[in-house]
Amino acid sequence: MSEYIATIGLEVHCELKTETKLFCSCRNVFGAAPNTNTCPVCAGHPGVLPVINRKAVEYTVRAGCAIGCEISRFSKWDRKNYFYPDLPKAWQTSQYDLPLCIGGSVTFDVNGEEKTVRLNRIHLEEDAGKLVHSGNCTTVDYNRCGVPLMECVTEPDMHSADEAVAFLEELASIFRYSGVSDCRMQEGSIRADVNLSLSRPGEPLGTRTETKNLNSFRSVRRAIEAEIKRQTEVLESGGKVVQETRHFDDNTGTGYGMRSKEDAQDYRYFPEPDLMPVVLSDADIERIKADLPELKRARRKRYVSELGLSDYDASQLTSEPEIADLFDGAVKAGANAKKAANYVMSEIMRKGKTAGEDGIAIGVTSVQLAELLSLVDKGEINLVSSRDVLDKMWLNPNESAAKAVDELGLRQNNDAGEIEKLVREIIAANPGPANDFRNGNEKVLSFFVGQLMKATKGKTNPKIAGELIRRLLSE
Amino acid sequence: MEITTETIRHTAKLSRITLSAEEEKGMEKHFAAMLEQVKTLDTFDASAVSATAHILSSVNVFRDDVPGEPFDREKLLSCAPERDEDSYVVPRVVE
């Protein structure tokens with residue numbers, strides 16, 4: 001609709017899934033009663049001393065290694081000063097000029113094409129508390145205050161909402177696979193700020209605006225689309241885009257300027273005197289790097305090139321790291337890749353997903369799954385009864401598939417002699433349908449299979465049953 | 001750096017403090033005197049001193065990621081000028 005090109009950069013905030021906060025030993029959990037996970041350190045009392053959580057530093061470095069950042073051998077902490085009740089100290093402990101990770105890039109597919117977005121940096125900082133506005137006062141909950149937060153700043157390499165959302169999805173998957181964050185949108189554990197400007201081709205970038213605190217991929221998409229439209233209208237009508245911080249209202253689908261925050265950019269950063277710098281050796285970084293699992297993109301490619309799966313199946317299986325780990329483990333334990341893929345996509349994903357929730361809960365181990373698939377493969381149980389076995393093993397890692405099959409009495413009868421005797425009895429008892437089959441009515445076959453299943457309580461191998469009935473009816 | 005009324009107003013705004021015209025004047029003088037005092041440092045020859053991020057030399061002071069005993073919420077909340085049953089209460093700050 002316009003000849004303007006949008007240029008977009010993102011600042012992505014992502015909470016780390018450590019047990020405790022960044023500078024004190026309060027628990028880092030979502031959903032606790034207000035202010036129950038606070039202490040004098042995170043509540044900003046005077047005279048307290050923060051101490052850095054080693055794991056938060058390691059997780060940030062791990063995230064940096066996963067996206068090819070240069071890891072700083074020397075990194076320090078700074079105070080970012082601002083007066084707002086979500087931070088009781090009146091400053092946020094963050095990293096200014098010497099962040100933990102520098103550079104890096106994320107490659108992903110968008111609308112069938114490969115795209116790479118460069119990162120400028122990742123630094124570690126503390127999250128702020130939660131404000132609830134009601135009437136003429138605001139109540140404050142500091143449970144989230146001090147939770148370790150990675151801020152990932154991209155270069156302005158994106159040009160559409162599609163690209164920004166695809167980038168965010170890939171980044172979230174990298175962090176989930178690396179095990180550093182759950183990236184749960186519903187819990188606000190990943191949030192993004194969007195910097196956006198418009199320009200005509202060949203001309204310098206226009207004035208940018210920053211839309212803050214978008215907490216779902218959907219909001220990011222809508223906010224970008226709304227801001228492109230708004231800036232286009234301003235420029236088309238001869239106006240000028242004002243550099244400002246904006247807020248996007250998800251209910252109305254429109255953004256508005258937050259003018260009262262204009263001066264707040266004056267953060268007066270200075271070095272944090274209460275925290276010592278972080279020095280990392282090559283050995284530290286190599287150790288963290290060696291711990292990195294194979295990431296989503298690499299796995300997806302390997303499933304196609306080495307295991308012969310379709311790209312669709314590979315993308316389904318890699319949608320969550322827990323699913324990919326289960327699948328990989330089952331194949332390693334001897335399961336056929338294609339069969340394991342189908343089983344995971346149909347049975348496991350159906351069972352492990354809860355509507356409206358991020359992520360998946362997997363209740364079987366890869367060894368249990370491989371064993372179950374092997375029993376199906378050998379004809380000892382059929383696919384339908386495998387569901388009961390799965391139910392019995394679910395959340396019970398000590399239950400073996402074979403034991404569950406026996407306990408449930410589901411083992412299929414593969415004794416041809418015994419089945420033949422039963423089939424002969426059934427044919428003798430049903431001369432009408434038997435004649436129909438002999439006269440060419442193939443459909444009657446399923447009637448006999450059904451009768452046999454009924455007589456054996458579903459424990460006959462349907463393949464053997466079908467062949468046998470056909471042979472005996474044709475005698 | 002010269003301290004002007006503008007500097008004082010900007011700093012007061014960042015600190016959410018309202019100053020009267022008289023107080024602004026007083027602050028101006030006060031700030032200027034502080035800067036004058038700090039200027040003394042300029043007479044020190046620091047060319048042989050390397051830049052540092054911290055006055056102490058130790059690095060990597062970490063703790064393990066192990067939860068501690070929960071702190072008594074009531075003790076913390078009782079320090080607040082205003083509170084309700086489970087939270088701190090401040091003047092409405094919504095944008």
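These are my notebook entries on strands, helices and the chain contact in a predicted model.

**Entry 1: the small sheet in chain A**

I began with the strand order in an open sheet of chain A. It has 3 strands, ordered 6-5-17, and the pairing is antiparallel. I then asked myself which strands stand at the edges. They are strand 6 (91-94) and strand 17 (270-271) of chain A; each has a single partner strand, so one side of each has no neighbour in the sheet.

Next I looked up how strand 5 of chain A, residues 78-81, is joined to strand 6 of chain A: I found 4 bridges, running antiparallel. For the register I noted A:Asp78, which sits opposite A:Ser94 in strand 6 of chain A.

**Entry 2: around strand 9 of chain A**

I moved on to strand 9 of chain A, residues 113-126, and went through its partners one by one. Strand 7 of chain A (residues 101-102) pairs with strand 9 of chain A in the antiparallel sense, over 2 bridges. Here A:Cys101 stands opposite A:Ile122 of strand 9.

Strand 8 of chain A (residues 105-110) is also antiparallel to strand 9 of chain A, this time over 6 bridges. I wrote down A:Val110 opposite A:Glu113 in strand 9 of chain A. Strands 8 and 9 of chain A make a hairpin with 2 residues between them. In that turn I checked A:Asn111, and its phi is positive, about 50°.

Then I looked at strand 12 of chain A, residues 148-154. It pairs with strand 9 of chain A over 7 bridges, again in the antiparallel sense. I came across A:Ile122 once more, and its bridge partner in strand 12 of chain A is A:Cys152. I have A:Ile122 down twice, then: opposite A:Cys101 and as the partner of A:Cys152.

**Entry 3: a glycine in a loop**

I picked out A:Gly202, which lies in the loop between strand 13 (190-199) and strand 14 (209-214) of chain A. Is A:Gly202 buried or exposed? I find 6 C-beta neighbours inside 10 Å; the cut-off for exposed is 12 or fewer, so A:Gly202 counts as exposed. I also looked up its spacing to A:Ile5: the two are 197 residues apart along the chain, and their C-alpha atoms are separated by 9.8 Å.

**Entry 4: two helices in chain A**

I turned to helix 9 (residues 366-377) and helix 11 (residues 401-408) of chain A. Their axes come within 8 Å and cross at roughly 55°. That makes helix 9 of chain A oblique to helix 11 of chain A. From helix 9 I listed A:Gln368, A:Glu371, A:Leu372 and A:Leu375, which meet A:Ala401, A:Ala402 and A:Val405 of helix 11. By class, I have 5 nonpolar, 1 polar and 1 charged residues in this contact.

**Entry 5: chain B against chain A**

Last, I looked at the two chains together. I find 35 residues of chain B in contact with 39 residues of chain A. On the chain B side, helix 1 (5-14), strand 1 (62-63), helix 3 (73-77) and strand 2 (88-91) each supply at least two residues. Which element gives the largest share of that side? It is strand 2 of chain B, with 4 residues. I sorted the chain B side by class as 18 nonpolar, 7 polar and 10 charged residues.

I also found strand pairing between the chains. Strand 2 of chain A (residues 52-53) runs parallel to strand 1 of chain B, joined by 2 bridges. My final note there is A:Ile52, which stands opposite B:Phe62.

How values were computed. Residues are numbered from 1 along each chain as its sequence is written. Chains are lettered from A and ligands numbered from 1 in the order in which they are written. This is a predicted model: local features need pLDDT of at least 70, side-chain atom pairs count only at pLDDT 80 or more; totals for chains, interfaces and linings use all residues. Two strands pair if DSSP finds at least two bridges between them. A residue is buried if 20 or more other C-beta atoms lie within 10 Å of its own, exposed if 12 or fewer, and partly exposed in between; C-beta atoms are placed from the backbone. Axes are lines fitted to C-alpha atoms, for helices over the stretch in contact, and angles run from 0 to 180 degrees between N-to-C directions. Angles under 35 degrees count as roughly parallel, over 145 as roughly antiparallel, 65 to 115 as roughly perpendicular and the rest as oblique. Two residues are in contact if their C-beta atoms, placed from the backbone, lie within 7 Å. Ala, Val, Leu, Ile, Met, Phe, Trp, Tyr, Cys and Pro count as nonpolar, Asp, Glu, Lys and Arg as charged, and the others, Gly among them, as polar.
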